[in-house]
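The questions below ask how particular descriptions of a protein model are justified. Each reply sets a value beside the definition that governs it.

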Amino acid sequence: MAIPTETVYGLAANALDPDAVAKIFRAKGRPQDNPLIVHISEFEQLSPLVSEIPESAKILADRFWPGPLTMVLNRSELVPPSVSAGLSTVAVRFPKNPVARAIITACGLPLAAPSANLSGSPSPTTAEHCIRDLEGRVDAIVISGPCTVGLESTVVALFSDTPRLLRPGAVTAEQLKDALGKLTVDPAVTAKPEEGKPVASPGMKYKHYAPKTHVILIDSSREEYINYVNAHLSDGVFALCFQEDEDRIAAPTVLYGSEADGASQAAGLFAALRQLDDLGAKIAYAHAPSLSGMGLAVYNRLIRAAAFEVVKLP
Ligand code: TXA
Ligand code: MG
């Protein structure tokens, strides 16, 4: 069933039952090689799922759980291999959203839950998005409010010596580095993974979060961005931009937060991508966020929505 979390809605089932897990892949049309995150509602539920809990995981749990952080650790025998798409690791998250926690606790089980969208479309940040993607394909959709964070959790791998950021989110790279003293940022966070090479986080290799609209990311100052869009006007051209950009843009706009506030961009991005499709946009020129703080997570999702098509202006 689809359930709310503070990041995005998740499509949840018993993580310990391979049949239930198979139904998640089927309902989403998800590639079999893309592993799922296992959700818990108490720290004590972690140890049966993993072969050991390293010191780094204790530090991060202490600071950031419950919350939008997923840790990848070595998997125990209890977790069916299909949850992890055959990897020897498992991704675990302890969400903060009280509805999510109440549901996990009522089940008395860890719940595997990817985002509750059809594979390839933007992640759902409202119950309405889940209904549109999954009605008739799942047993139930829990109707709750919009997700407060709006982007999926930060994913960090802790099973080798150096912690590695696989997917940026609301727990920022800066915060992880501060807590752990060191952090490697996987190259797939800000660039297209090389064709044919294995990726640390399989989810990062897919063209993802993609609306039907052709999104092109414009990495530039506000002045350059506005000039670029105004020089490329035609039927079906939209600007996916910050509220500060809006006044001087001659194309129709879809806003995704404020340039100065990464959290507002995160909260607005996926709904904005879906809105472009609803409005029949053919091309959307997106104004790229800065790469610091939550901006890194927003940028990571936007380059995938744009299938890595970026115009960098001086
Ligand atoms: O915020 C979230 O994390 C949401 C909510 C529902 O909790 N869930 C979510 O799940 O975003 P999903 O399936 O859309 O994304 C899971 C990501 C994928 O990029 C996947 O490749 C990665 O986590 N992942 C899962 N298990 C992994 C593992 N064992 N090793 C490396 N990456 C893993
Ligand atoms: Mg997803």
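The questions and answers that follow concern one helix, one ligand and several individual residues.

Q: What kind of model is this, and how are its parts numbered?
A: This is a predicted model, in which local features need pLDDT of at least 70, side-chain atom pairs count only at pLDDT 80 or more, and totals for chains, interfaces and linings use all residues. Residues are numbered from 1 along each chain as its sequence is written, chains are lettered from A and ligands numbered from 1 in the order in which they are written, and side-chain values use heavy atoms, with hydrogens and water left out.

Q: How do you know that the span of helix α7 agrees with its number of residues?
A: Helices (DSSP runs of H or I, at least four residues) and strands (runs of E, at least two) are numbered from the N terminus. The expected span is 1.5 Å times one less than the number of residues. Helix α7 has 17 residues (262-278) and should therefore span 24 Å, and its end C-alpha atoms are 24 Å apart, which agrees.

Q: What makes L269 the centre of a kink?
A: The bend at a residue is the angle between axes fitted to the seven residues ending there and the seven starting there. In α7 the kink is about 40 degrees and is centred on L269.

Q: What caps the N-terminal end of α7?
A: A polar contact is a pair of N or O atoms within 3.5 Å; within protein, one must be able to donate a hydrogen and the other to accept it, and residues adjacent in sequence count only if both atoms are side-chain atoms. A side-chain oxygen of D261 lies 3.2 Å from the backbone nitrogen of A263, and D261 caps that end.

Q: Why is Y256 called buried, and A85 partly exposed?
A: Buried means under 20% relative accessible area, exposed over 50%, and partly exposed in between (1.4 Å probe, protein chains only). Y256 has a relative accessible area of 0% and therefore counts as buried, whereas A85, at 25%, counts as partly exposed. Y256 lies in the loop between β13 and α7, and its side chain reaches the backbone oxygen of H287 at 2.5 Å.

Q: Why is H39 called buried, and which residues are in contact with it?
A: H39 has a relative accessible area of 7%, so it is buried. Contact means heavy atoms within 4.5 Å. Leaving aside neighbours within four places in sequence, H39 is in contact with residues including R93, P95, I104 and L111. H39 lies in strand β4 (residues 37-39).

Q: Which side chains have polar contacts with ligand 1?
A: Among them is that of H39, with an N or O atom 2.6 Å from an oxygen atom of the ligand. A polar side-chain atom of T89 lies 3.0 Å from a nitrogen atom of ligand 1, and an N or O atom in the side chain of R167 is 2.9 Å from an oxygen atom of ligand 1. The protein covers 98% of the 680 Å² of accessible area that ligand 1 has on its own (Shrake-Rupley method, 1.4 Å probe).

Q: What makes the backbone at P66, A85 and F308 notable?
A: Most residues other than glycine have a negative phi, and most peptide bonds are trans. W65 and P66 are joined by a cis peptide bond, with omega about -10 degrees. Phi is positive at A85, near 50 degrees, and at F308, about 70 degrees.
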